[in-house]
Amino acid sequence: MIVTAQKPLDEILDSISPYSSILIAGCDGCTQPPRGLREAKTLSQLLELGGKLRGKDFQFKVTTVVKQCDSFLTASALKPQMEGVETVVSLACGVGVQTIAELFPDLPVLPAQNTHFIGAEDREGGILEARCTACGDCILARMGGICPITRCAKGLLNGACGGAKDGKCELSPDKDCAWELIFQRLEKQGKLDRIREFRPPRNYQAKAWRLTP
Amino acid sequence: MSEPVIEQKAALKLDEQYCSRCSICRSLCPFEAIKKDVETGKTLLEIEKCQVCGICYSACPARAIDITYYDSDSLIKYLEKVKPKYDSGALVIMCKGSAPDFAGVERLFGVSKFIPLSVPCVGRVADEVFLAAIAMGVREICVLACDEDYCRFDRGSPLTGRRVLALNRLLEQLGYGREAIILKRNSLKVKVDRDLCISCGNCAFYCPYGAASLESPGGAKFDLDACRGCGLCVAICPAIALDLDNWERERISTLVSRLVAEMKSPKVLVFRCQWAVFPPLDGQFGPNVRAIDLPCAARVDTFHILEAFQKGVGGVLIAACSEEDCKQEKASGKASHSITVLKERLKQIGLQDRLHFCSVAPRYPEQWDKELQQFSQRIKDISKGRRK
């Protein structure tokens, strides 16, 4: 999933301050918990309360979209709601915000989230962690299913760097050393010889920015 | 300096002088809070384990147990007082855990006018109350207990079944007909609108009873036999696709509006778990405070808290059980977490002091009084500060 975090309410209040009729658009996709109808409603309530303290009287409409990254779905969900709307606050990732921006060229679109990474959720631990950098040249098959591009702080292809202490990264000690994880997994699978293979520099040209489905 | 230890007044007391050591209380207590002292043979109460269900009180043949809430004298006095007001010959004694609204009671028992008596567990109502009601001229007693496996006090509902059977036999002999007391059972469960479900799986992950699962494709699916109606899933559902019998979102909203309208500023609205605080029978708050009872603190919905603030409430207080006392598999812990998250967000607009979460237990009635008093004072101080 694409993982996002709420922007501070102050920042959102600043960004909506020139407007009074606002549509808050949730997105049911990706992040956990989904920023769907409940979050859209909660945000409208918080912004109304925050606005009152600033002497502003905002009018909110709330709605949600199955996936804001899909322009067709977003258009069909939002178009019937746009009458009188001066700005849209999007609860989606940066992609959703831009989808709305493209659909409504005359309308300011404001993000309510900061988009952080493509990651996974450990529900028991209540943690979301980066897992994929979308590099366009997947090497997971050779890495025991652990991505060093994303999870090694140095993004090394030929690790480990030797700086890890007690299995933790020397740059961020709360983070597991990705190369130690790769080593352990390959060892378990009896494929440790793979770690000795030399991996040449990656082909950054493989990364696409546009594809046809 | 350490704080002086103040002995708290407990809601349940066992009077040794009257105790005949028959052990009925010990055999009935669902929480193993009553023990027998091996050396002396005395019956001992471990108040920290007691959940004040009142089952022991209702069954003690020696009247050796004192209880703060809903003792027989208070219940009888209350009935005497309210009977003329309701002008009805029917009495409905119901457990708060599964009582529907008045229309629901009407449907269940086929009575249109009745005296309602709502208590946390009908297992706490002793024989003498039933008999006193009949002596008062009540012609029909309807008892609404929880489904047996839904009873929050485990043995309250089964005990009620046996009690009603025995009382009916007795009343028949006295010439009151075969079924003077009618017993029905009920439970309140989750409702899902699958059209709104977005298959996020949060209900399946958080349900303390494993009643929710996610079908793919299809969405959330509930095993209603396993659902115990805590409302945790309802309060967290990101798509607002769930609701709870009798504690529907709309219904609570309407209640919030009504209560806010009748309060005087500074207004304090309390959302309380019905197992954490046992309100007095006809207990009215002062003009500044109103409360909404919920099946568990986990049903407290961010939406309703913010709605209360939007309507001009000065402070919102949540009264929950501690995780150890929680009747809903530690769901109160999740409630506490949700409130912490909301508080963080309220902090960003400077409203964090207006929301407070406290853990209380009916075993110490003063605990709740103190929490409410302190919070009301805080809200008074804040609103005075505003005016300056």
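This dialogue looks at how to read domains, contacts and cores in a predicted model.

Me: What kind of model is this, and how are its residues and chains labelled?
Reply: It is a predicted model, in which local features need pLDDT of at least 70 and side-chain atom pairs count only at pLDDT 80 or more, while totals for chains, interfaces and linings use all residues. Residues are numbered from 1 along each chain as its sequence is written, and chains are lettered from A and ligands numbered from 1 in the order in which they are written.

Me: Into which domains is chain B divided?
Reply: Domain bounds come from an automatic or database domain assignment; here chain B has domain 1 (12-67), domain 2 (72-186), domain 3 (190-244) and domain 4 (249-387).

Me: How many residues do chain B and chain A bring to their contact?
Reply: Two residues are in contact if their C-beta atoms, placed from the backbone, lie within 7 Å, and here chain B and chain A bring 19 residues each. On the side of chain B, the largest share, 6 residues, comes from α10(B), a helix (a DSSP run of H or I, at least four residues).

Me: Which residues have the most contacts inside the largest nonpolar core?
Reply: Such a core joins buried Ala, Val, Leu, Ile, Met, Phe, Trp, Tyr and Cys residues through C-beta atoms within 7 Å, buried meaning that 20 or more other C-beta atoms lie within 10 Å of a residue's own. The largest has 152 residues, and those with the most contacts inside it include Val92(B) and Val316(B). A second, separate core of 9 residues includes Met143(A) and Trp179(A). Leaving aside neighbours within four places in sequence, Val316(B) touches residues including Leu269(B) and Phe309(B).

How values were computed:
Helices (H or I, at least four residues) and strands (E, at least two) are DSSP runs, numbered from the N terminus. A residue is buried if 20 or more other C-beta atoms lie within 10 Å of its own, exposed if 12 or fewer, and partly exposed in between; C-beta atoms are placed from the backbone.
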